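Student: I've got a chain open on my screen and I'd like to talk through some of its contacts and charged pairs. Can you take me through it?

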Amino acid sequence: MFIKRWSASAAVIVVLTAFLLALLHLEAPTAHAKATAPVVSSGAYGSGALGSWQANTRVISSSAEVRHVVASDGVVLFGDSIAVQDGAALGRLLGHQLGTSFAQYSWAGQPTSAAVDAMAAWAREYGLPRRIVMAVGSNDIFDPPAFAAQVERALRIAGPQRTVYWVDVQVSRTDEPTAVQVADQRNSEWIDLQLAQAALQHPNLRIVRWAEFLAAHPERLHTDLRDGRHTTVPAGQNARNALILQAIRPD
């Protein structure tokens, strides 16, 4: 009798053990799926999507500074995060080399459309000097086809009597996967092509050839860029600002 009872109990234990193992086998894939990182979209053009930028760092000159620059026919700059970092150094360089006043509206992460919005607001509020530097376009790699219309819009606001100096784009973010880096480069070239095409139609549009400067000596992509887009300091900052100065300096 004891042997029969033990055999029955053993059979129950075996069945329960098999049932629990089956449950664990069924649950494991679900738990693994939950732990898998979500797939991030590379966007329509391979570079991803422009994130929220409105809370990012910005450097915007005061109303008094802008009015002084317009009155003294200085230089105004509209830029993105590169200009947030490099704009003050550019202002000092222009002051020392050309004796000109300087004001800027630089906002990290902003696309060209937002910079042109700011340009239009300054034009209404203060007017604009004869020389305008546009250091934007890097954040347009996420939607390259939208860039050309913003260049045209900026030139309409500036009018034919002002000169617009536009820094071309070189972005290939080294902290992104290889496929995204390739897309960044392709989209940068797409933006620069649109800029070159606009320059053929507008004699007052002067391109500051930053991308070409870097491409002429590929080692500059490492010495002058710290992450595939922002300048190193001081090497990249000095080189880019020197190109802007060279473009603005009278012949």
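What follows is a short chat about single residues and salt bridges in this predicted model.

Student: Where does Ser138 sit?

Tutor: Look past the end of strand 4, which covers 131-135. Helix 5 takes up 147-158. Ser138 is in the loop between strand 4 and helix 5.

Student: Is Ser138 buried or exposed?

Tutor: Its relative accessibility comes to 13%. Buried means under 20%. So Ser138 counts as buried.

Student: Which residues does Ser138 touch, leaving out those up to four places away in sequence?

Tutor: One of them is Ile82, which belongs to helix 3, residues 81-98. The full set for Ser138 is Asp80, Ile82, Val169 and Val171.

Student: And which residues does Ile82 touch, with the same sequence neighbours left out?

Tutor: Ile82 has a relative accessible area of 4%, so it is buried. Ser138 is among its contacts. The whole list for Ile82 reads Ser138, Arg229, His230, Thr231 and Arg240.

Student: What separates the C-alpha atoms of Ile82 and Thr232?

Tutor: Along the chain, Ile82 and Thr232 are 150 residues apart. In space, their C-alpha atoms are separated by 10.0 Å.

Student: On to charges: how many salt bridges does the structure hold?

Tutor: Side chains of opposite charge can pair when their charged atoms come close. For a salt bridge, the nitrogen has to be within 4 Å of the carboxyl oxygen. The count for this structure is 9.

Student: Which residue forms a salt bridge with Arg130?

Tutor: The closest N and O atoms of this pair are 2.4 Å apart. Arg130 lies in the loop between helix 4 and strand 4 and its partner in the loop between helix 2 and strand 2, so the bridge ties together parts that are 57 residues apart in sequence. Arg130 is partly exposed at 46%, and the partner is partly exposed too, at 23%. That partner is Asp73.

Student: Which residue meets Arg173 in a salt bridge?

Tutor: Arg173 is buried, at 10% relative accessibility. The partner counts as partly exposed, at 29%. The N to O distance is 3.8 Å, and the partner is Glu176.

Student: Which residues are linked in a network of salt bridges?

Tutor: Start from the bridge between Arg229 and Asp227, at 3.8 Å from N to O. Asp227 is buried, with a relative accessible area of 13%. The linked residues are Asp175, Arg226, Asp227 and Arg229.

Note on methods: Residues numbered from 1 in each chain as written. Predicted model: local features only at pLDDT ≥ 70, side-chain atom pairs only at ≥ 80, totals over all residues. Heavy atoms only, no water. Helix = DSSP H or I, 4+ residues; strand = E, 2+ residues; numbered from the N terminus. Buried < 20%, exposed > 50% of the residue type's maximum accessible area, 1.4 Å probe, protein only. Contact = heavy atoms within 4.5 Å. Salt bridge = Lys/Arg side-chain N within 4 Å of Asp/Glu carboxyl O.
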